[in-house]
Amino acid sequence: MKNAILFGNGLNRVGGNSLSWENLLESLSPLKKMPSDSNTLNYECIYLSACKEDSCETKAGLVNELQIKQQIADLCRDFESNDFYEMLMHLPSEVFLTTNYDETLGRTLENNGYIREKRLDSVSESIYSIRRSHAYRSVNTDKIKRIFPIHGECMAPKTIMIGYDHYCGSLGKIDDYFKGKYAYKQEDGVKKLPRLLDRLRGEDENASLSDMGNYWPDYFFTHDIHMIGIGMPLVESDLWWVLNKRCRYKKVCPQINNTIYFYGTQNDDKVIPLLKSFDVQVVQTKVQKDNWRQAYQWMFSQMEKNMRN
């Protein structure tokens with residue numbers, strides 16, 4: 001089984017880029033105290049407070065939101081790489097999914113003999129990121145590594161998915177992806193994707209496995225997924241929904257035989273039972289004396305072991 005890696009902001013924080021989601025929102029907020037435990041809803045409060053009551057749905061209101069997302073992009077754009085990104089790059093995987101907005105892994109690849117190729121996603125995807133990806137080709141081996149910024153990216157601030165409204169819109173796109181209603185413009189016309197079960201089973205003449213891998217949810221059904229540096233809070237509704245669908249589809253689709261791994265610490269105890277019920281293999285360690293580097297080194301060693309087995 002081929003591997004794909006899903007990584008989050010933990011790789012930045014353990015390397016010294018200590019901007020958490022909470023810190024990011026606090027730096028943007030005029031509010032003295034965040035009103036909710038949900039960061040997606042807190043973002044909406046920040047955005048709506050920046051709008052005048054009579055212009056939130058006007059062009060002026062939308063410009064304000066783009067300005068907020070531009071600030072987020074500026075805060076995340078220049079994160080420095082670290083040795084964990086170097087380790088990530090050398091693992092036996094050609095596919096990387098990330099909830100991060102920054103381009104740290106891409107820059108790490110470019111600094112190690114990879115050249116960024118033409119964008120693989122359609123220019124028509126300007127807000128959501130179901131098929132948004134970047135390919136990097138090795139100048140020495142000609143191998144390609146592909147990065148999917150599934151929650152948007154700094155280079156396109158409108159795509160940054162952080163608020164409740166954007167998350168709900170993305171869920172709608174994923175629902176279309178599952179049901180065979182997902183469509184988008186290409187140079188030669190409109191492409192409509194058959195429903196996922198038909199693509200996996202090959203039961204429809206238009207449902208081919210040939211384009212599997214052009215949409216980030218594909219990998220949760222075709223590759224072993226290794227999740228690291230991502231705490232999986234419940235607000236990550238898109239990821240939880242894909243995990244849920246995979247469990248349900250496995251009951252009726254024997255073609256789904258991959259494994260999902262989650263590498264975490266005792267800080268993730270609240271979601272561990274949920275992950276296990278969603279058919280995720282949990283690999284967990286304890287952070288000793290606040291030594292996060294040691295914990296991540298152990299998790300990386302376990303991940304490489306599972307990837308090579």
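Let's start with one pair of residues: Phe 7 stands opposite Ile 228, and Ile 228 sits in strand β8. Keep in mind, please, that this is a predicted model.

So which strand pairs with β8 around Phe 7? That is β1, residues 3-7, and the two strands run in the parallel sense, joined over five bridges.

Now look at the other neighbour. β8 also pairs with strand β9, residues 260-265, again in the parallel sense, here over four bridges. On this side, Ile 228 has Tyr 263 of β9 as its bridge partner. To get from β8 to β9, the chain passes through helix α10, residues 237-250, and this β-α-β crossover is right-handed. Try tracing that path on the structure above.

Next, is β8 buried or exposed? Buried counts as under 20% relative accessible area. Five of the five residues in β8, 224-228, are buried, so the strand is largely enclosed by the rest of the structure. You can check the two faces yourselves: one side carries Asp 224, His 226 and Ile 228, the other carries Ile 225 and Met 227, and all of them are buried.

Finally, let's step back to the whole chain. There are twelve helices and ten strands. Of the 309 residues, 51% are buried. If we take contacts with a separation of 6 or more, 61% of them join residues 24 or more positions apart. As for the surface, the chain exposes about 15,300 Å², and carbon and sulfur atoms supply 48% of that.

Thanks, everyone, and do ask if you get lost along the way!

Methods: Residues numbered from 1 in each chain as written. Predicted model: local features only at pLDDT ≥ 70, side-chain atom pairs only at ≥ 80, totals over all residues. Heavy atoms only, no water. Buried < 20%, exposed > 50% of the residue type's maximum accessible area, 1.4 Å probe, protein only. Contact = heavy atoms within 4.5 Å. Areas by Shrake-Rupley, 256 points an atom, 1.4 Å probe, with all protein chains shown as cover. Pairing = 2+ DSSP bridges. Right-handed = clockwise from strand over helix to strand, strands pointing away.
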